[in-house]
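Here is a small set of exercises to work through with the model open in your viewer. Try each task yourself before you read its solution.

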Amino acid sequence: MGIQKKASTTLVALAAVAGLLTGCASTAPVTETPPRAAGATSAAPASDGAEKWPTGADGDTPSCRDASSAVLTTVNESILDTASANGTVVSALPWLSAHPDPDLGKWTLTGLVETAQGTEGGYFVVFATADDPTSPAFDGAVFALGAATEVTNLPPLEPAYVGPTDMDDVPPAALSCGTQRAQNP
């Protein structure tokens, strides 16, 4: 009987503590999340299931297409201006692969940068635009993502894309399209 009484007393005490904690939590003032430091990236909005296709795309649009020469010219001028200003040797992109990304609500543009500074085979750079980059009359804004912010003077995409890990600074589908395109020069 002593053990049952002790167990009952313990359960009553635990229930009382839980009640107090619940009461405190409901009456505690709500505090705001501190603002992020300048330069901190924010996560791209999570997909809520609603597709936000960028201009010129819908569910029937092929996932990987070539961007127009107008987009390629815009990006290459930015890359070459930046390379000239900081003394690096970077080649112009021979192509950009365009991918409509309904989660991002933008088109991603992936190209392969080759450098004369020991990067064998080059590396992918990714850009984004809300306008249709496959249009020959393209005159929209282009933004840099990830490593592209270091080789161009194009503004970074805001809010920045943030993937599942800190290393994911560009959407995987953009890299996939770039890889496919690199195999078919």
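**Exercise 1.** Find the bridge partner of Pro-100 in β3, then describe how strands β2 and β3 pair.

*Solution.* Step 1: the bridge partner of Pro-100 is Trp-107 in β3. Step 2: the two strands, β2 at residues 97-101 and β3 at residues 106-113, pair in the antiparallel sense over 5 bridges. Here strands are DSSP runs of E with at least two residues, helices are runs of H or I with at least four, and both are numbered from the N terminus; two strands pair if DSSP finds at least two bridges between them. Step 3: look at the turn of this hairpin, where 4 residues sit between the strands and Gly-105 takes a positive phi near 75°.

Before you go on, some ground rules: this is a predicted model, in which local features need pLDDT of at least 70 and side-chain atom pairs count only at pLDDT 80 or more, while totals for chains, interfaces and linings use all residues. Residues are numbered from 1 along each chain as its sequence is written, and side-chain values use heavy atoms, with hydrogens and water left out.

**Exercise 2.** Follow Ser-97 to its bridge partner in β3 and to the residue opposite in β1.

*Solution.* Step 1: in β3, Ser-97 has Thr-110 as its bridge partner. Step 2: on β1, Asp-66 stands opposite Ser-97. Step 3: β1 and β2 also pair in the antiparallel sense, over 2 bridges. Step 4: place these strands in the open sheet, whose 5 strands have the order β1-β2-β3-β4-β5 with antiparallel pairing. Its edge strands, each pairing on one side only, are β1 (65-66) and β5 (143-145).

**Exercise 3.** Decide how many residues of β2 are buried and which way they point.

*Solution.* Step 1: apply the cut-offs, with buried meaning under 20% relative accessible area, exposed over 50%, and partly exposed in between (1.4 Å probe, protein chains only). Step 2: 5 of the 5 residues of β2 are buried, so the strand is largely enclosed by the rest of the structure. Step 3: Ser-97, His-99 and Asp-101 point one way, while Ala-98 and Pro-100 point the other way. For background, 34% of the 185 residues of the protein chain count as buried.

**Exercise 4.** Which residue forms a salt bridge with Asp-66, and which parts does the pair tie together?

*Solution.* Step 1: search for a side-chain nitrogen of Lys or Arg within 4 Å of a carboxyl oxygen of Asp or Glu; the whole structure gives 1 salt bridge. Step 2: the partner is Arg-181, with the closest N and O atoms 2.8 Å apart. Step 3: Arg-181 lies in helix α4 and Asp-66 in strand β1, so the pair ties together parts that are 115 residues apart in sequence. Step 4: compare accessibility: Arg-181 counts as buried at 16%, whereas Asp-66 counts as partly exposed at 45%.

**Exercise 5.** Locate the disulfide and work out its handedness.

*Solution.* Step 1: look for a pair of cysteine sulfur atoms within 2.5 Å; a search of the whole structure finds 1 disulfide. Step 2: Cys-64 is joined to Cys-177, S to S 1.9 Å. Step 3: the torsion about their S-S bond is about -75°, so the disulfide is left-handed. Step 4: Cys-64 sits in the loop between α1 (2-27) and β1, and Cys-177 in helix α4, 113 residues apart. Step 5: Cys-177 is buried at 3% relative accessible area, while Cys-64 is partly exposed at 25%.
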